[in-house]
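User: I would like to go through this structure step by step. May I ask short questions as we proceed?
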Amino acid sequence: MGYQLWVSPVTGYRRKGTRFSALRKIFIDNITARNIYEPLLCCPVHSHAHDAREALRIRDFDVAGVKETEGGEVVGYVQAVDLGDEDLGKYVKKITSDLLISDSTPIAEIFSVLTEINFAFVISGKHISGIITKADINKPPVRIYLFGITSLFEMHLNAWVKHYYSDDSWVSEVPGQRMQEASKIYELRQGNNQDLSLIECLQLCDKRDLLAKSQQFRKDFDFSRRSFDSFVKDLEKIRNELAHSQYSIIANIEWPRLIEIISSAEAFLINSDIKVDNIAAEGKDFQDLLI
């Protein structure tokens with residue numbers, strides 16, 4: 001079934017929606033900053049800092065925009081942590097270009113935007129209308145994108161385990177108890193008439209260990225054993241947070257590492273897609289690869 005999903009067994013045609021580029025294009029073209037930003041709370045520049053601080057506290061916000069007149073343009077911003085007991089104007093900061101993004105910025109690019117800054121102001125048309133913070137990464141559209149990456153990543157690992165362990169030689173490499181657990185899952189799913197292979201019933205950590213042991217896999221994908229092991233472990237953390245619907249998917253991983261892992265997963269999928277296409281183009285035994 002896996003092969004049928006990816007490539008036509010008759011023509012060798014790569015089916016639509018199975019490449020990472022197709023997944024990413026959906027989010028670049030259709031899901032952008034406008035789908036996750038929050039309207040920017042704004043305070044009059046001539047108001048008292050206490051009032052702004054209270055407004056932020058009630059809304060559980062950290063940043064507010066500042067306007068000179070009601071209905072006017074945003075002329076700066078304040079942060080709750082800075083506000084004292086004087087007029088608000090004393091605490092206003094300038095909005096620099098590095099703090100601005102368009103509402104058409106793809107979700108796939110927002111991760112890198114927030115690498116150096118904790119928030120960004122969103123421009124709709126010619127006006128600042130909203131704000132995006134790292135907390136917005138927890139919203140459903142972003143979770144769907146990340147879940148798509150992790151799911152596709154695991155599908156690719158299934159394929160490469162089959163490729164680098166021909167004739168199901170991987171079976172003897174999986175510890176006995178882990179293999180028993182996979183067999184139980186396989187039998188259960190077979191009872192539900194699900195068309196799948198035994199390898200799909202392995203845990204992600206099992207597939208990680210199998211490929212980490214494959215010298216040829218590491219060479220072809222430019223991994224050291226240690227770097228691949230660390231990469232997949234951290235990606236699994238993200239996958240688990242998503243699967244268990246935790247409030248914050250970044251609670252157990254530092255932001256720079258999150259960005260690094262997501263970027264590495266995207267790069268892996270792009271590289272893997274190229275290799276899959278090359279195998280299909282060469283007319284090799286691709287059906288065995290993607291079962």
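User: Which residue in β7 does F119 stand opposite?
Analyst: F119 stands opposite T133 in β7. Please keep in mind that this is a predicted model.

User: How many bridges join β6 to β7, and do the strands run parallel or antiparallel?
Analyst: Strand β6, residues 119-124, is joined to strand β7, residues 127-133, by six bridges, and the two run antiparallel. Another matched pair is F121 with its bridge partner I131 in β7.

User: What lies between those two strands?
Analyst: β6 and β7 form a hairpin with two residues between them. In the turn, G125 has a positive phi of about 70°.

User: Which strands make up the sheet, and in what order?
Analyst: The open sheet has four strands in the order β1-β7-β6-β5, and their pairing is mixed. β1 (38-39) and β5 (100-102) are the edge strands, each pairing on one side only.

User: How does β5 pair with β6?
Analyst: Those two strands pair in the parallel sense over three bridges. L100 stands opposite F121 in β6. To get from β5 to β6, the chain passes through helix α4 (residues 107-113), and this β-α-β crossover is right-handed.

User: What holds paired strands together in general?
Analyst: Strands of a sheet pair through backbone hydrogen bonds, in either the parallel or the antiparallel sense.

User: Let us turn to β3. Why is it described as largely enclosed?
Analyst: Four of the five residues of β3 are buried, so the rest of the structure largely encloses this strand.

User: In which sense does β3 pair with β2, and in which sense with β4?
Analyst: With strand β2 (residues 42-44), β3 pairs in the parallel sense over three bridges, and C43 stands opposite V66 in β3. The chain runs from β2 through helix α3 (residues 49-59) to β3 in a right-handed β-α-β crossover. With strand β4 (residues 74-79), β3 pairs in the antiparallel sense over five bridges. There, V63 stands opposite Q79 in β4.

User: How many residues separate β3 and β4 in their hairpin?
Analyst: The hairpin has six residues between the strands, and G71 takes a positive phi near 85°.

User: Now the helices. Why does the span of α5 agree with what one would expect?
Analyst: Helix α5 covers residues 140-164, which is 25 residues; at 1.5 Å a residue it should span 36 Å, and its end C-alpha atoms are 36 Å apart, so the two agree.

User: Is α5 mostly covered or uncovered?
Analyst: α5 is mostly covered, with 19 of its 25 residues buried.

User: Which residues touch the most other members of the largest nonpolar core?
Analyst: That core has 70 residues, and F121, W160, W170, F217, F228, F231 and F268 touch the most other members. Leaving aside neighbours within four places in sequence, F231 is in contact with F153, F223, R257, I261, S264 and A265. A second, separate core of 13 residues includes A49, A55, L83 and L88.

User: What is the average confidence of the prediction?
Analyst: The protein averages a pLDDT of 86, and 89% of the residues score at least 70.

User: Which elements have the lowest and the highest mean pLDDT?
Analyst: Helix α11 (residues 286-289) has the lowest mean pLDDT, 47, and strand β3 (residues 63-67) has the highest, 97. Over residues 286-291 the pLDDT is below 50, and this stretch has 21 contacts in the model beyond near neighbours in sequence.

Key
Residues are numbered from 1 along each chain as its sequence is written. This is a predicted model: local features need pLDDT of at least 70, side-chain atom pairs count only at pLDDT 80 or more; totals for chains, interfaces and linings use all residues. Side-chain values use heavy atoms; hydrogens and water are left out. The expected span of a helix is 1.5 Å times one less than its number of residues. Buried means under 20% relative accessible area, exposed over 50%, partly exposed in between (1.4 Å probe, protein chains only). Two strands pair if DSSP finds at least two bridges between them. pLDDT is the predictor's confidence in each residue, from 0 to 100. Contact means heavy atoms within 4.5 Å. A crossover is right-handed if, with the strands pointing away from the viewer, the path from the first strand over the helix to the second runs clockwise. A nonpolar core is a set of buried Ala, Val, Leu, Ile, Met, Phe, Trp, Tyr and Cys residues joined through side-chain atoms within 4.5 Å.
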